[in-house]
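Here is a quick tour of a protein chain for someone meeting it for the first time. Have a look at the sequence and the model, and then we'll go through some parts one by one.

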Amino acid sequence: LSICLTLGTTVLGSPTGSSIAINYVDEEPDGADVGYVEGAAGVAGTVTWKNTIGVSDVFDDIEMDVNGAGVGTSVAVEWFSNNTWSTDGRGEDNNDAPDGNDRALMLGYLDTTDTSITEISVSGLPPEIASGFDVFVYTLGGVLGRGGTYTIEDQSLENVQTVPFEGAYIEGDEGNYLFFEGLSGADFVLEAMATTTDLFRAPVNAIEICKTGECIPLPTPVAG
């Protein structure tokens, strides 16, 4: 008796609770909206994303995703970075994912030099999230072997790029996203900087803020 099973699709869905998600640099690499996210994307499959452009700016009244539907808030986000760049189309190719929202999410990113610091400030989180939340930080740059240190409050995590993005999200210091957990309060600041001058840079593609325990990571593609 021989049994062969093949799974070749990714299970997509919306978060099981409340999340606030921001996609950076949607106009990379050529001034077009090639990095624009318009549906479920990211580790938890958040549906409502705020797409942004530019090395620095301030956005307010950002919508919160509640079970896949956008809900108005008074959340504001401000950021400063040295540069913007892309994981494909700017002379560096590190994004081999098929066309879709996940490829778009990991395309443009806020960039650093070997000494600059990218700072993202989030304020006005609604009570249902401020009481306890986790943050996914997406960290795919254009070149392997580079990385940085990312800090929120008293948590610091390091990341070095080791494999191109092919559509699967990998957590950890050699993956393409970092997970900050057990945070609380209406405001927080994320800082990203090169860990050493040899390991520049510290890219930020996007952040996804989830009420603790309500954003369940989705399965990644499996074949075999």
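## A hairpin to start with

Let's begin with strands β9 and β10 (residues 155-160), which pair in the antiparallel sense over six bridges. Two strands are said to pair if DSSP finds at least two bridges between them. I152 has Q155 as its bridge partner in β10. This hairpin has two residues between its strands, and there E153 takes a positive phi near 55°.

β9 has a second partner too: β12 pairs with β9 in the antiparallel sense over five bridges. I152 turns up again here, with L190 as its bridge partner in β12. Strand β9 (residues 147-152) is mostly covered, as five of its six residues are buried. Buried stands for under 20% relative accessible area, exposed for over 50%, and partly exposed for what lies in between (1.4 Å probe, protein chains only).

## The chain as a whole

Keep in mind that this is a predicted model: local features need pLDDT of at least 70, side-chain atom pairs count only at pLDDT 80 or more, and totals for chains, interfaces and linings use all residues. Residues are numbered from 1 along each chain as its sequence is written, and side-chain values use heavy atoms, with hydrogens and water left out.

The chain's secondary structure comes to two helices and 13 strands; these are DSSP runs numbered from the N terminus (helices are H or I, at least four residues; strands are E, at least two). The chain has 224 residues, and 46% of them count as buried. Take the contacts (heavy atoms within 4.5 Å) between residues at least 6 apart in sequence: 74% of them join residues at least 24 apart. About 9,700 Å² of the chain is exposed, with carbon and sulfur atoms supplying 51% of that; the areas come from the Shrake-Rupley method with a 1.4 Å probe, and for residues only the protein chains shown count as cover.

## Salt bridges

How many salt bridges are there? The count comes to four, where a salt bridge is a side-chain nitrogen of Lys or Arg within 4 Å of a carboxyl oxygen of Asp or Glu. One of them joins the side chains of E28 and R90, at 2.7 Å from N to O. That pair links distant parts of the chain, 62 residues apart: E28 is in the loop between β1 (18-23) and β2 (49-51), while R90 is in the loop between β5 (83-86) and α1 (101-105). E28 is buried at 4% relative accessible area, whereas R90 counts as partly exposed at 30%.

R103 forms a salt bridge with D88, and their closest N and O atoms are 2.7 Å apart. R103 lies in helix α1 and D88 in the loop between β5 and α1, so this pair ties together parts 15 residues apart in sequence. R103 counts as buried at 16% relative accessibility, and D88 is partly exposed at 22%.

Then there is the bridge between the side chains of D111 and R201 (3.4 Å, N to O). D111 lies in strand β6 (residues 108-111) and R201 in the loop between β12 (188-194) and β13 (206-211), so the pair ties together parts 90 residues apart in sequence. D111 is buried, with a relative accessible area of 3%, but R201 counts as partly exposed at 25%. Salt bridges that share partners also join D88, D99 and R103 into one network.

## A cavity

Searching the whole structure turns up one cavity of 30 Å³ or more. A cavity here is a set of points, on a 1 Å grid over the protein atoms alone, where a 1.4 Å probe fits but cannot get out; lining residues have an atom within 4 Å of a point. Grid points are joined across faces, edges and corners, and a volume is the space filled by probe spheres set on the points.

The largest cavity has a volume of about 60 Å³. Which residues line the largest cavity? Among them are Y109, G141, G142, V143 and Q161, along with the salt-bridge residues D111 and R201.

## Two loop residues

N94 sits in the loop between β5 and α1. Is N94 buried or exposed? N94 counts as buried, at 2% relative accessibility. Leaving aside neighbours within four places in sequence, N94 is in contact with residues including G141, G142, V143 and Q161.

V34 is in the loop between β1 and β2, and is partly exposed with a relative accessible area of 38%. Leaving aside neighbours within four places in sequence, V34 is in contact with D26, E28, P29, A104 and L107. The C-alpha atoms of V34 and G100 are separated by 9.7 Å, with the two residues 66 apart along the chain.

Conventions
On a 1 Å grid over the protein atoms alone, a cavity is a set of points where a 1.4 Å probe fits but cannot get out, and a pocket is an open set with protein on both sides within 12 Å along at least five of seven lines; lining residues have an atom within 4 Å of a point.
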